[in-house]
Amino acid sequence: MGGLFAGTSLERPVTCPRCELPLAKCRCPRDAKGEIKLPKDQSPRVRREKRRGKVVTVISGLDPKAADLAAMLKALRSSLGAGGTLTDDNELEIQGDHRDRLVKHLQELGYSAKASGG
Ligand SMILES: [Zn+2]
């Protein structure tokens, strides 16, 4: 690591290796450690579960920060017209059976999403 920035001028802003913008302007998705985590690097699983006799669709395996789960939940709730919540385990729980639709939606966003369970 030590030699990586050797010779870098102090006046030159540190840039993002991916988008090459100064880090202050970079909008690349990053995890809590500040490392770039693109949708294709995440492999969410979408499964159905029963909650008190009702079906919910659960998305697990997304990075809560890089995927911006809070914003994703809001968008999904309005596009599906369904209730939903973000659990303590960073899983998105959407009311109703939307598994296949959510797998397709996540894939369209670039995630390596797969359906799991029955
Ligand atoms: Zn960037």
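Visitor: Which residues of helix 2 are buried?
Guide: In this predicted model, the buried residues of helix 2, which spans residues 99–108, are Arg99, Leu102, Val103 and Leu106.

Visitor: What puts these buried residues on the same side of helix 2?
Guide: Their arc around the axis. It covers only 105°, so the buried residues sit on the same side of helix 2.

Visitor: Which residues are exposed on the other side of helix 2?
Guide: Asp100, Arg101, Lys104 and Glu108. To be called exposed, a residue needs over 50% relative accessible area.

Visitor: What do the buried residues of helix 2 pack against?
Guide: Two strands come early in the chain: strand 1 (45–51) and strand 2 (54–60). Helix 1 (69–80), strand 4 (92–95) and strand 5 (114–115) are also partners.

Visitor: What follows helix 2?
Guide: Gly110 does, and its phi is positive, near 105°.

Visitor: Which residues in the largest nonpolar core touch the most other members?
Guide: The core has 17 residues. Ile59, Leu62, Met72, Leu76 and Leu106 touch the most other members. Helix 1, strand 4 and helix 2 each supply at least two residues of this core. Helix 1 gives the largest share, with five residues.

Visitor: Why might nonpolar side chains be found together?
Guide: In soluble globular proteins, nonpolar side chains tend to be buried together.

Visitor: What does Met72 touch?
Guide: Leaving out residues up to four places away in sequence, Met72 touches Leu62, Ala67, Leu92, Leu106, Leu109 and Tyr111.

Visitor: Now the metal. Which atoms coordinate the zinc ion?
Guide: The SG atoms of Cys16, Cys19, Cys26 and Cys28, at 2.3 Å. The cut-off for a donor here is within 2.8 Å of the metal, so these sulfur atoms qualify. Along the chain, the donors follow the spacing C-x2-C-x6-C-x1-C. Cys16 and Cys26 both lie in the segment before strand 1, so this pair ties together parts that are ten residues apart in sequence.

Visitor: Why is the arrangement around the zinc ion called tetrahedral?
Guide: Four donors count as tetrahedral if all angles lie between 85 and 135 degrees. The four donor atoms here subtend angles of 102 to 116°, so the arrangement is tetrahedral. The ideal angle for four tetrahedral donors is 109.5 degrees.

Visitor: How do you know whether Cys16 and Cys26 are buried or exposed?
Guide: Buried means under 20% relative accessible area. Cys16 has 1%, so Cys16 counts as buried. Cys26 has 9%, so Cys26 counts as buried too.

Visitor: How many disulfides are there?
Guide: Zero, after a search of the whole structure. A disulfide would need a pair of cysteine sulfur atoms within 2.5 Å.

Visitor: What makes the phi of Glu20 worth noting?
Guide: Glu20 is not a glycine, although its phi is positive, about 65°. Glu20 lies in the segment before strand 1. Its relative accessibility is 63%, so Glu20 counts as exposed.

Visitor: And Asp68: where is this residue found?
Guide: In the loop between strand 2 and helix 1. Asp68 is another residue other than glycine with a positive phi, near 50°. Its relative accessible area is 41%, so Asp68 is partly exposed.

Visitor: Why is Asn90 called partly exposed?
Guide: Partly exposed lies between the 20% and 50% cut-offs. Asn90 has 30% relative accessibility, so the term fits. Asn90 lies in the loop between strand 3 (84–86) and strand 4. Not counting residues up to four places away in sequence, Asn90 touches Ile59, Pro64 and Leu69.

How values were computed. Residues numbered from 1 in each chain as written. Predicted model: local features only at pLDDT ≥ 70, side-chain atom pairs only at ≥ 80, totals over all residues. Heavy atoms only, no water. Buried < 20%, exposed > 50% of the residue type's maximum accessible area, 1.4 Å probe, protein only. Helix = DSSP H or I, 4+ residues; strand = E, 2+ residues; numbered from the N terminus. Arc of directions from axis to C-beta. Contact = heavy atoms within 4.5 Å. Donors = N, O, S within 2.8 Å, 3.2 Å for Na, K, Ca; no water. Tetrahedral: all angles 85-135°; square planar, octahedral: opposite > 155°, others 65-115°. Core = buried A, V, L, I, M, F, W, Y, C linked by side-chain atoms within 4.5 Å.
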